[in-house]
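Here are some notes for a colleague who is opening this structure for the first time. Each numbered point takes up one topic and can be read beside the model.

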Amino acid sequence: MLPPDDFDPPVGVAEVLEPGLRRIVAPNPSPMTYRGTNTYLVGTTALAVVDPGPANDAHLDAILGALGPDQTVSHIVVTHAHLDHAPLAGPLAAATGAPVLAFGAATAGRSAVMQALASGGLADGGEGIDAQFQPDIHLADGDVVAGPDWSLDVVHTPGHLGNHICLGWGTACLTADHVMGWASSLVSPPDGDLTDFMASCEKLAARDWRVFYPGHGAPILDPAARLTWLIKHRREREAAILAALDTGPATAEQIASAVYTDTPSALLPAATRNVLAHLIDLLGKSAVRPLDQLGADTRFTRT
């Protein structure tokens with residue numbers, strides 16, 4: 001199924017999105033990253049680089065090459081510790097001397113439920129965690145990161161990953177992987193938590209945003225409508241999962257095969273992780289119960 005937009009920017013080119021904001025797309029396209037990771041340059045003199053991206057020398061050169069003669073990098077902000085967003089932070093810091101800022105290390109912000117699952121042996125879904133990531137400066141919800149002509153409001157938005165943050169830039173918001181226009185976000189336990197994800201959607205919806213600049217894909221020009229769709233989409237998926245369980249106990253993989261009927265087979269493992277996230281959320285609501293020890297292959301039934 002084709003993405004719902006025609007976003008196809010030049011890779012490695014710093015494009016002006018509006019005064020004081022540029023975007024460079026990294027050369028890492030895939031079914032999970034769309035055209036590649038969006039790296040943002042904020043400011044006009046001392047710049048913030050948001051999500052430097054994957055470990056890629058060409059992308060590092062593109063970021064450094066985008067700096068004008070009177071420009072420096074003063075801050076490197078990482079929205080979350082996935083391999084397509086975080087690894088280039090270290091090389092960029094070494095090249096510029098700028099500190100790396102983030103909510104925390106790869107497992108920071110993980111909910112107690114997901115921590116218990118991880119401790120019990122539930123492995124991640126293979127979406128690519130930068131397990132070695134460590135920021136120089138830890139950010140908290142409500143913090144403000146500022147330069148001479150810019151400021152970024154830190155909004156902690158766990159769900160896609162526990163250490164995920166969005167960044168308010170005036171009436172715009174850099175939403176990273178929490179809200180994207182070309183696809184809904186992957187939520188893969190134990191790193192992803194659907195209960196947290198939905199709460200983070202409501203948190204973003206409480207503010208009147210003009211535009212979202214996501215971690216992959218084109219700008220979202222109607223943020224409120226996209227958030228409404230995202231919340232509705234998840235609730236509809238929940239209803240479909242419960243309906244599938246009406247026919248009898250099933251695993252997340254069995255439910256995904258029944259519910260994600262138009263999803264390419266290569267993406268069914270990711271769909272299965274999304275279903276598992278829903279099932280764990282439904283378990284917290286006492287709507288389902290596990291018939292086996294909780295894990296990736298657990299059979300669930302309706303309560």
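1. Helix α4 (residues 194–205) and helix α5 (residues 223–245) pack at an angle of about 155 degrees, with their axes 10 Å apart. Since angles over 145 degrees count as roughly antiparallel, α4 is therefore roughly antiparallel to α5. The crossing in which α4 passes α5 is left-handed. Please keep in mind, here and below, that this is a predicted model.

2. Which residues make this contact between α4 and α5? On the α4 side they are L194, F197, M198, C201, E202, L204 and A205, and on the α5 side they are L227, L230, I231, R234 and R235. Sorted by class, the contact of α4 with α5 has nine nonpolar residues, no polar ones and three charged ones.

3. Further along α5, which is also where L242 is placed, a second set of contacts can be followed. L242 counts as buried because its relative accessibility is 12%, under the 20% cut-off. Leaving aside residues up to four places away in sequence, L242 touches L282, A287, V288 and R302. The C-alpha atoms of L242 and T301 are separated by 8.9 Å, although the two residues stand 59 residues apart along the chain.

4. The next pair is helix α6 (residues 252–259) and helix α7 (residues 268–284), which pack at an angle of about 110 degrees, with their axes 8 Å apart. The range from 65 to 115 degrees counts as roughly perpendicular, and α6 and α7 are therefore roughly perpendicular to each other. The crossing of these two helices, α6 and α7, is right-handed.

5. In the contact itself, α6 contributes A252, E253, I255 and A256, which meet L268, A271, T272, V275, L276 and L279 in α7. By class, the contact of α6 with α7 comprises eight nonpolar residues, one polar residue and one charged residue. L282, one of the residues that L242 touches, has a number that falls within the range of α7, residues 268–284.

6. Earlier in the chain, helix α1 (residues 57–65) and helix α2 (residues 89–96) pack at an angle of about 40 degrees, with their axes 11 Å apart. How are these two helices, α1 and α2, oriented to each other? An angle of about 40 degrees lies outside the ranges for roughly parallel, roughly antiparallel and roughly perpendicular, and α1 and α2 are therefore oblique to each other. The crossing in which α1 passes α2 is right-handed.

7. The contact between α1 and α2 is made by L60, I63 and L64 of α1 together with P91, L92, A95 and T96 of α2. Its residues divide into six nonpolar, one polar and no charged.

8. How many disulfides does the model contain? With a disulfide taken as a pair of cysteine sulfur atoms within 2.5 Å, the count comes to zero. C166 is in no disulfide, and the nearest cysteine sulfur to it, that of C173, is 4.7 Å away. C166 counts as buried because its relative accessibility is 0%. C201, which takes part in the contact of α4 with α5, is likewise in no disulfide, and the nearest cysteine sulfur, that of C166, is 9.2 Å away. C201 is buried, with a relative accessible area of 0%.

9. Some points of backbone geometry deserve a careful look. The peptide bond from P189 to P190 is cis, with omega near 5 degrees. P190 lies in the loop between β11 (172–176) and α4.

10. Y34 has a positive phi of about 60 degrees although it is not a glycine, and its place is in the loop between β2 (21–25) and β3 (38–42). Is Y34 buried or exposed? At 6% relative accessibility, Y34 counts as buried.

11. D51, too, has a positive phi of about 60 degrees without being a glycine. D51 lies in the loop between β4 (46–50) and α1, and is buried, with a relative accessible area of 2%.

Notes
Residues numbered from 1 in each chain as written. Predicted model: local features only at pLDDT ≥ 70, side-chain atom pairs only at ≥ 80, totals over all residues. Heavy atoms only, no water. Axes fitted to C-alpha atoms, helices over the stretch in contact; angles between N-to-C directions. Helix = DSSP H or I, 4+ residues; strand = E, 2+ residues; numbered from the N terminus. Parallel < 35°, antiparallel > 145°, perpendicular 65-115°, else oblique. Left-handed = near helix turned anticlockwise from the far one by under 90°. Contact = heavy atoms within 4.5 Å. Nonpolar A, V, L, I, M, F, W, Y, C, P; charged D, E, K, R; others polar. Buried < 20%, exposed > 50% of the residue type's maximum accessible area, 1.4 Å probe, protein only.
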